Each structure stands twice: as structure tokens, then as C-alpha cells.
Amino acid sequence: MEFKFDLIVVGAGSGGLAAAKRAAIYGAKVAIIEKNKIGGTCVIRGCVPKKLMVYAAVSKRNMSSSEGYGLKSTGISFESSILLKNVRKEVSRLSNLHRNSLNKLDVTVFEGQGRFTTQNELEIICPETNKIINKISSEKILISVGGKPKKLNIPGIDLAWTSDDIFELEKFPKSILIVGGGYIACEFASIFANLGTEVTQLIRGQNLLNGFDEDLSSCLEESPTFNQINIISNTRLKSIKRVNGNLESTLDSGDNLLTNNILIATGREPNLLPLNLDFLNLKMDGQYLDVNELNQTSNANIFAVGDIINKPNLTPVAIEQGRVFSDNFFNDQKRKVNYDYIPKAVFTIPELSTVGLSEKKAKEIYTEKNIKVFKCKFTPMSNTFKENKSKCMLKIVVHKLTDKVLGCHMFGETSSEIIQMVSISLNAGITKKDFDITMALHPTISEEFVTMYG
């Protein structure tokens with residue numbers, strides 16, 4: 001069979017773009033299908049616009065709490081409409097940059113919803129008319145359609161926002177209920193609270209950020225930002241209804257809450273349904289596509305990367321998966337994705353970051369007697385004259401017998417920048433002794449990682 005393309009990529013997010021660009025560099029004839037803006041979740045409705053909002057929130061918080069430095073903050077106002085307009089403008093600029101780079105590499109871009117008709121062919125559907133506007137075929141097809149926000153199956157759920165909706169707002173609400181305790185919920189709670197919105201956060205468990213090191217969760221809950229948020233734990237949302245222009249939430253406790261708006265941030269799930277995959281009988285890993293170490297599905301010519309496979313759902317992971325795929329199949333390399341010591345960050349205010357094993361996980365794997373923990377908590381120098389006295393916390397998890405550092409965790413300003421460098425050390429197999437003999441850079445927060453002795 002003669003194919004029109006060497007590779008069709010379904011979804012122009014981080015993983016799909018990385019694969020398409022690299023395959024094209026190697027000389028492959030590549031097509032990419034996308035029904036929304038080029039860039040995917042991270043660029044269009046995730047990491048990038050969210051981080052821009054975080055910068056706004058950090059700036060306002062610093063301005064309003066720095067009179068001890070002689071900085072008078074009377075008269076500061078925040079116009080959310082200006083921020084939101086500028087965020088959308090920047091998102092469009094970045095999307096156009098990605099489109100231009102595809103054009104320069106002669107990657108053919110098809111706008112519409114991709115849908116499988118055979119294992120080698122897709123039809124492209126116009127989202128507005130639902131009509132078929134094209135059919136294309138390829139020897140290899142890479143699925144990289146990413147995820148979508150989960151919705152609760154409760155009455156009135158369509159009245160609530162998901163994280164995708166936040167970036168399309170014209171202005172911030174005066175009050176909001178945020179449902180969820182994961183990183184997306186906590187980041188938006190932090191943004192809204194620091195930019196003047198009254199925030200209530202509803203979590204079904206006892207603590208925020210389940211799955212992260214417990215000290216990070218505790219530090220976040222004790223922070224000045226989350227002290228101003230009304231956190232309701234061990235509770236679920238049962239229903240939503242509109243009441244005089246506001247939204248009334250009914251909780252399983254029987255209580256009712258009235259807020260301007262509600263944000264459902266209870267996680268994300270693979271966005272596979274529109275692809276018409278059922279007839280292909282691809283092997284699944286729960287809700288994810290099952291793939292081997294080459295990111296190959298149970299159908300030999302169909303591959304998958306990003307948030308639709310059961311690996312860490314992070315932008316750099318998807319990018320590496322896409323590049324490794326193209327290196328292997330279009331440049332005859334033998335590469336594998338290294339999933340060890342992937343750094344992660346939660347961009348709350350202050351932010352937190354982590355790489356490697358949590359204390360709890362390390363003790364589960366190696367037993368408690370074989371784990372030693374080094375930890376320090378202090379007020380950073382930058383907060384000396386601020387009304388905002390948020391703490392920093394740094395933590396090292398070590399295997400006693402080998403002295404190998406298994407995990408590093410940090411809460412506080414610039415923690416994401418610091419953990420990025422620490423992750424290099426952990427990937428290299430660093431020991432606690434290596435930390436101890438490294439000279440400190442003073443005065444910094446990061447020096448505490450090399451001055452904690454036990």
C-alpha cells in the first residue's frame with residue numbers, strides 16, 4: 001500500500017510537536033492534526049498561562065507585604081481583565097511560533113478532529129459542521145491528543161468551570177469554590193486567593209497534595225496563602241444549582257455554600273473518545289493506552305505519547321517521549337526514555353518541588369530502619385522585613401547502607417529552580433557525602449542542601 005505520509009501525528013501538544021519536528025528534521029514526510037490552537041494543554045490552557053497568572057499573584061503579594069523594606073503599597077489595585085487579556089495574547093504568540101516552526105520544516109498541518117477509519121487512515125472532521133473535510137494515510141501514526149479535565153457525575157455539573165475555562169474568563173470572580181486537593185486545584189486556589197478572590201477549597205481527603213511528601217503538604221497547609229483559604233476536608237460535592245446569579249453547592253455533610261463560581265479540579269483523563277479507536281481493539285492499561293518501551297501500542301504501526309499513556313503526565317516527559325520515538329523510528333537510534341528522578345513542582349505561593357522518593361515511599365521500599373532523613377525549616381532572608389513570614393523547608397531522604405540520596409524535597413521560593421539542578425545530581429547517583437563535601441554558596445536558600453548534617 002502506498003501511503004501519503006511517513007508519519008501522521010494526532011494532536012499538536014508538547015509530545016506531538018516534539019515528535020513531528022524531529023521526524024521532519026530526519027527527512028520524514030509528516031502531517032499533524034489539531035482541532036484547537038497549536039501548542040496543546042501546556043501552551044494553550046495549562047503550564048504557560050497558569051505560570052503567567054502565578055507571576056501576577058506573586059507580584060501583588062510581594063508589593064502588599066514589603067513595607068518593612070520601605071516600599072509603601074497603598075493604592076495598589078488589580079485589574080484581572082488586563083491580566084487575562086495579556087495571557088491570551090501571549091498564548092496566541094507562542095501558538096503561532098509553533099505553527100511557523102512546523103511550516104519551516106514542511107510539516108503539513110490539518111485543522112480538525114482526527115478520527116481513525118483503518119489502522120493506517122484517518123478522516124479529518126470539521127468541528128463546526130461535523131463533516132469530513134479530508135482523509136489521509138500513513139505508515140506510522142502517533143497519537144498524542146493529551147488529556148481533558150474530569151467532570152463529576154452530579155446534578156448541575158455543567159454550571160461549574162474546569163481549568164480550561166479559567167483562561168477564557170473576562171475577569172476574576174469575587175468568590176469561588178474550588179473542588180479538589182491536587183496540584184491544579186492548589187495552584188488555582190493560590191492564584192485566586194493572592195489576587196483578591198475569596199476562596200473555599202473542598203477536598204475529599206484529609207490533606208492537600210496526596211502523593212507528595214507529607215512535609216510538603218503540611219508546609220503548604222500552614223502557609224500564609226492557605227491560611228486565608230477556607231479548606232473543607234473529608235467532604236464531597238453532591239450537587240450544584242443556580243441561585244440569584246450565584247451558584248449554590250450542596251455538600252455530602254448536608255451544608256450549602258454560595259459562591260459566584262465553582263471550579264472542578266479533580267484531575268484529568270485521556271481524551272481518547274473522539275478518535276474512534278474501539279474497532280482497533282488496542283490493548284488498554286486502565287483508562288490509558290498500553291504501550292511498550294518504544295511507545296508502541298498493541299497495533300504495530302500505532303504509537304502513543306503524553307497524557308494518554310500511564311507514565312508521569314508532565315510536559316517534559318511527553319516531549320522526551322516524542323523525541324525518542326522519532327529518534328528510534330526515523331533515525332535508527334536505540335533510545336529509551338529515562339523515567340528515573342523526574343523533577344516536579346507545584347506553583348503555589350510559595351511554590352514546592354520534589355525529585356525522587358518521598359520519605360513514606362522510601363520507607364515502604366527499603367524499610368524504615370534503612371532510611372535516614374535530613375530536614376531543616378526556616379524563614380528565608382527575603383522575608384525578614386515582610387509581613388508575609390512564610391517558611392522554607394528542605395529535606396533529603398537517604399539510604400543508610402549505601403549513603404545514596406533517594407529523594408530531595410523543598411518548599412519555598414525558587415524551589416523549582418533549585419530542584420531542577422538537584423535532579424541532575426540524583427540522576428548521577430549522588431551520595432549524602434557528596435552533598436556534605438560540596439561548598440555552600442552563602443547567603444542562599446539552596447546552601448541548606450549541602451549544610452544539613454546528622
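Two strands are said to pair if DSSP finds at least two bridges between them. In this predicted model, strand S12 (residues 246-251) and strand S13 are joined by 4 bridges, and the two strands run antiparallel. Within this pairing, Ser249 stands opposite Leu257 in S13. The two strands form a hairpin, with 4 residues between them, and in the turn Gly254 has a positive phi of about 95°.

Strand S13, which covers residues 256-259, is a good place to look at the direction of side chains, and the reader may ask which of them point to one face and are buried. Leu257 and Thr259 are the residues that do so, whereas Asn256 and Leu258 point to the other face and are not buried. In a regular strand the side chains alternate between the two faces of the sheet.

Another strand, S6 (residues 132-143), contains Ser137. Is Ser137 buried or exposed? Because buried means under 20% relative accessible area, Ser137 counts as buried with its relative accessibility of 10%. The side chain of Ser137 also reaches the backbone nitrogen of Lys4, at 3.4 Å.

The last stop is on the surface, where Tyr69, Leu71 and Phe385 make a nonpolar patch of about 320 Å². Of these residues, Tyr69 is found in the loop between helix H3 (47-64) and helix H4 (80-104). The relative accessible area of Tyr69 is 38%, and since a residue must be over 50% to be exposed and under 20% to be buried, Tyr69 is described as partly exposed.

Technical notes:
Residues numbered from 1 in each chain as written. Predicted model: local features only at pLDDT ≥ 70, side-chain atom pairs only at ≥ 80, totals over all residues. Heavy atoms only, no water. Buried < 20%, exposed > 50% of the residue type's maximum accessible area, 1.4 Å probe, protein only. Polar contact = N/O pair within 3.5 Å; in protein donor to acceptor, adjacent residues only side chain to side chain. Patch = residues over 30% accessible without salt bridge, like charges linked within 9 Å, V, L, I, M, F, W, Y side chains within 5 Å. Areas by Shrake-Rupley, 256 points an atom, 1.4 Å probe, with all protein chains shown as cover. Salt bridge = Lys/Arg side-chain N within 4 Å of Asp/Glu carboxyl O.
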